[in-house]
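Let's take a friendly walk through a protein model, looking at its insides and at one residue in particular. Have the 3D view ready and follow along.

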Amino acid sequence: SAAACTGRSRTSLSCTAAFRGSTGARGYPSGSPAWYKFVQPRPGSSPLSEGGFSPSCGRRNSKAGDGTAIDGTEGAAAPAAEAAAEAVAEAAVPEEEPEEPTHYVYGELRIPFEAEDGWMRVRETSLPQNWLLLSYSRADPDLVEIVGEGDDGLAALRAAACDSGRVYWAFFLVVGVDTRRGVVSRRPKYVFATVGGAEVDVRTRTRALLHTGAVGAVLQEAHLHCEVESAEELSDAAVAARLAQIGGAHRPNGYDFGDGGGAVRVEEE
């Protein structure tokens, strides 16, 4: 439900970004991927170096008025007023507010929360969105960006994944339509696909292979995973045939791809 999706918190984690696959205690939509760390390192140096604090004694190193070092030996009896003034000054410095996390981080790869929000829109049955398309950013190869999303079905997704020099990750909705004895039932089916263009260089293709698991952990809960070299391989008939193979005993006899063309019928066994 919408409440279940929007109510899930992204708690800041301090763990390293070691991929654990799609199992564990994450429990979408009530949990977040346990293998991500959310907040990137904040700018600025350590307070130890900024304020001149000694890690061993925790006291600011300074000099007395006559130039004698106050280091715990000579001149150790510092005026109480000076110590109190320093304590008040330090207490008056407001603490920095923690930065709001914006990305999942896996190694050097950053996946923005907007990608997950797009996934939620496709998953939410009360909303019209039925596809989402991601790829590496052209400006930053370590950043995943949203290439497109919409409510006009698989045909529009294929049109958006038109660059044969890019790797795409697609998540889209297909509705299984089962018509038997005058009764029609409709069940959502979700597909996660990796599209590696024919002109993608070897390095990018290898990186995409390593990162597909990370992206798939965000765009998860798919009934079908597939890898193709061209978006044209994601034809309505091809996807319907793949879904029919995994349908089991409750396989529907048609699939609606959300483009207004009606359900694609599949052969009864």
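## Who touches whom

Here, two residues are in contact when they have heavy atoms within 4.5 Å of each other. Keep in mind that this is a predicted model.

Try it on Val-215: leaving out residues up to four places away in sequence, Val-215 touches Ile-111, Leu-134, Val-144, Trp-169 and Phe-192.

## Two nonpolar cores

Val-215 also turns up in the largest nonpolar core, a group of 28 residues. Along with Ile-111, Leu-134, Trp-169, Phe-171 and Leu-219, Val-215 is listed among those with the most contacts inside this core. Several elements chip in two or more residues, including strands S3 (103-106) and S4 (109-112) and helices H4 (113-123) and H6 (202-218). Strand S7 gives the largest share, with 6 residues.

Apart from that core sits another one, made of 25 residues. Ala-161, Phe-172, Val-195 and Val-228 are among its members.

## A closer look at Asp-236

Now hop over to helix H7, which covers residues 236-245 and includes Asp-236. Is Asp-236 buried or exposed? Its relative accessible area is 16%, and buried means under 20%, so Asp-236 counts as buried.

Who are its contacts? Not counting residues up to four places away in sequence, Asp-236 touches Leu-154, Arg-158, Phe-257, Asp-259 and Val-264. With Arg-158 there is also a polar contact, side chain to side chain, at 3.1 Å.

Finally, find Ala-263, which is 27 residues from Asp-236 along the chain. The C-alpha atoms of these two are separated by 9.6 Å.

Technical notes: Residues numbered from 1 in each chain as written. Predicted model: local features only at pLDDT ≥ 70, side-chain atom pairs only at ≥ 80, totals over all residues. Heavy atoms only, no water. Helix = DSSP H or I, 4+ residues; strand = E, 2+ residues; numbered from the N terminus. Buried < 20%, exposed > 50% of the residue type's maximum accessible area, 1.4 Å probe, protein only. Polar contact = N/O pair within 3.5 Å; in protein donor to acceptor, adjacent residues only side chain to side chain. Core = buried A, V, L, I, M, F, W, Y, C linked by side-chain atoms within 4.5 Å.
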